[in-house]
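Visitor: Hi, I've just opened this one and don't know my way around. Can you walk me through a few parts of it?
Guide: Gladly; have the sequence and the picture side by side.

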Amino acid sequence: MSVTLKILVLVLAIGGGLIYKNVSQLWADLPAPKLDPQEWWGDEAQPKDYAAYLANSSEVIGNRLSYPEKTITDLFTRLNRTLRLTPPLEGVAFEYGFNTDYLKEVVEYWRDDYLPRWREREVFLWQFNHFTTDIQGLRMHFLHLMVYDENKVGKQHYPVLLLHGWPGSVREFYDLIHLLHQSNLDKNNKYIFDVIVPSLPGYGWSQGTSRKGLGPAQVAVIMSNLMARLGYDKYFIQGGDWGSIIGSHMATLYPENVLGYHSNMCSSMSPKSHVMGALAGLWPSLFVPSGFEDLFFPKSRQLSYLIEESGYFHLQATKPDTVGAALTDNPVGLAAYILEKFSTWTNPSYRSLADGGITKRYTMDALLDNVMIYYLTNSITTSQRLYAEAYSKEQRGLLLERVPTPVPTGCARFKSDIMHFLDIQLKDKFPNLIHSTYHKQGGHFAALEVPKVLHKDFLEFVKKVEQKFNIKP
């Protein structure tokens with residue numbers, strides 16, 4: 001063998017070894033990072049005596065939501081101003097965003113029908129017990145429904161934490177809460193739940209932080225501390241959108257506390273997951289139930305759709321305060337920005353409808369309840385900052401997508417949601433994926449759109465967790 005050939009062989013061997021080492025490192029699972037359970041997010045300086053802070057801030061306070069008449073009158077005045085909206089292009093419905101002709105109808109309903117009934121809507125929102133408590137310097141809001149002992153007779157009783165996302169709120173879960181908490185109304189249902197539904201930090205009535213770094217992983221810590229504050233050391237989690245990601249992080253960071261994690265927007269972003277997804281495209285029929293192939297393949301169409309629907313995402317992940325400034329004190333713009341998502345993310349075909357199809361699956365009152373929460377709490381900017389924090393260098397450096405969780409996991413896919421992952425992809429992150437379903441009806445906001453379907457799917461998951469992991473209430 002010539003000297004040149006020997007050198008070439010040596011270079012290839014070294015190069016191949018380095019490539020293998022780098023690829024294997026990129027492919028390998030990682031241990032869970034350690035996050036500070038006392039990390040401070042409050043406006044004031046962190047107390048030097050944290051134990052004293054915990055002792056003094058552990059009180060859970062019941063709240064009744066109420067806004068003065070002048071606030072509602074001011075909103076009416078704003079909605080009553082002459083709208084200087086640019087007309088939509090000829091033949092365009094919701095393809096360019098919220099149709100401004102229909103927006104005028106929404107504003108008219110909001111001003112002349114909904115607002116005069118606002119006190120009724122307040123009573124509706126009060127129907128559950130609202131509480132606040134201090135967690136890591138932030139005033140956290142949550143709904144909490146406990147099951148009385150007499151209602152537990154003959155039932156399997158567990159706590160469940162429901163986590164919302166953007167542009168949603170606790171309002172999304174109202175119908176699902178009734179199904180979970182009042183299951184004694186159904187004699188065939190053997191389950192009943194304590195239900196805990198927090199507003200995420202910076203969303204609704206939960207305080208936002210004035211400090212950088214509060215990403216989904218840190219929110220998971222806050223949620224874990226909230227559950228501990230309420231006395232729950234074992235519980236189920238259900239979530240979609242940010243609630244899915246935060247719930248996944250909780251299952252990863254605190255597997256000893258999470259009985260099961262159920263999501264209606266399951267995802268796995270590890271390098272291995274993406275490779276498995278690409279390979280599955282070679283034999284789709286092996287990995288996807290008949291009738292759902294178009295959720296995953298061809299990949300080019302899925303990518304095109306995500307690019308088309310993710311403009312908001314890039315803006316909020318890079319300049320959340322800019323769009324926040326445009327929407328603050330601008331109820332018409334806020335409604336258009338939020339409600340457009342309840343059109344496209346419910347069913348992409350609704351873009352071709354002049355009204356965006358937003359009342360095909362929801363009532364206008366339910367949609368405006370959600371908008372009112374953002375408007376009255378002035379939380380649009382603070383809610384959007386979660387996107388920027390989620391994609392910061394520090395957050396990405398945690399590499400949580402490469403940390404498997406042993407927690408039993410359930411995935412409910414609703415056909416019109418904005419993205420989906422195959423079981424073969426999810427099992428990299430969730431090796432105990434024991435429940436995987438596909439639903440032909442429903443989109444991104446499943447709890448609000450199809451609460452009975454989501455409830456049934458969740459109960460099926462809980463039953464499987466009991467059977468496979470022998471858990472007891």
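Visitor: Leaving aside neighbours within four places in sequence, what is serine 248 in contact with?
Guide: In this predicted model, serine 248 is in contact with Tyr261, Lys429 and Phe430, once its neighbours within four places in sequence are left aside.

Visitor: Is serine 248 buried or exposed?
Guide: Serine 248 has a relative accessibility of 8%, and because buried means under 20%, serine 248 counts as buried.

Visitor: And which helix is serine 248 found in?
Guide: Serine 248 belongs to helix α9.

Visitor: OK, on to the sheet. How many strands are there, and in what order?
Guide: There are 9 strands in an open sheet with mixed pairing, and their order is β1-β2-β3-β5-β4-β6-β7-β8-β9. The strands at the edges are β1 (61-63) and β9 (433-439), and each has a single partner strand, so one side of each is left without a neighbour in the sheet. From one strand to the next, the twist averages 25 degrees.

Visitor: How do β6 and β7 run, and how many bridges join them?
Guide: Strand β6 (residues 235-239) and strand β7 (residues 258-263) run parallel and are joined by 5 bridges. Within this pair, isoleucine 237 stands opposite tyrosine 261 in β7.

Visitor: Which strands do the helices α9 and α21 touch?
Guide: Helix α9 (residues 242-253) packs on the sheet and touches β4 (156-163), β6 and β7, with a direction that makes about 155 degrees with that of β7. Helix α21 (residues 451-469) also packs on the sheet, where it touches β4, β5 (191-198), β6, β7, β8 (409-414) and β9, and its direction makes about 160 degrees with that of β9.

Visitor: Back to β9: how many of its residues are buried?
Guide: In β9, 6 of the 7 residues are buried, so this strand is largely enclosed by the rest of the structure. β9 pairs with β8 in the parallel sense over 6 bridges, and histidine 439 in β9 is the bridge partner of phenylalanine 414.

Visitor: New topic: what lines the second largest pocket?
Guide: That pocket holds about 410 Å³ of space and is lined by 23 residues, with Arg211, Lys212, Gly213, Leu214 and Glu389 lying nearest its centre.

Visitor: Which helix gives the largest share of that lining?
Guide: The largest share, 5 residues, comes from α17. Helices that each supply at least two residues include α8 (216-229), α13 (320-327), α17 (380-390) and α18 (393-396). By type, the lining divides into 7 nonpolar, 10 polar and 6 charged residues.

Conventions. Residues are numbered from 1 along each chain as its sequence is written. This is a predicted model: local features need pLDDT of at least 70, side-chain atom pairs count only at pLDDT 80 or more; totals for chains, interfaces and linings use all residues. Side-chain values use heavy atoms; hydrogens and water are left out. Two strands pair if DSSP finds at least two bridges between them. Helices (H or I, at least four residues) and strands (E, at least two) are DSSP runs, numbered from the N terminus. Axes are lines fitted to C-alpha atoms, for helices over the stretch in contact, and angles run from 0 to 180 degrees between N-to-C directions. Contact means heavy atoms within 4.5 Å. On a 1 Å grid over the protein atoms alone, a cavity is a set of points where a 1.4 Å probe fits but cannot get out, and a pocket is an open set with protein on both sides within 12 Å along at least five of seven lines; lining residues have an atom within 4 Å of a point. Grid points are joined across faces, edges and corners, and a volume is the space filled by probe spheres set on the points. Ala, Val, Leu, Ile, Met, Phe, Trp, Tyr, Cys and Pro count as nonpolar, Asp, Glu, Lys and Arg as charged, and the others, Gly among them, as polar. Buried means under 20% relative accessible area, exposed over 50%, partly exposed in between (1.4 Å probe, protein chains only).
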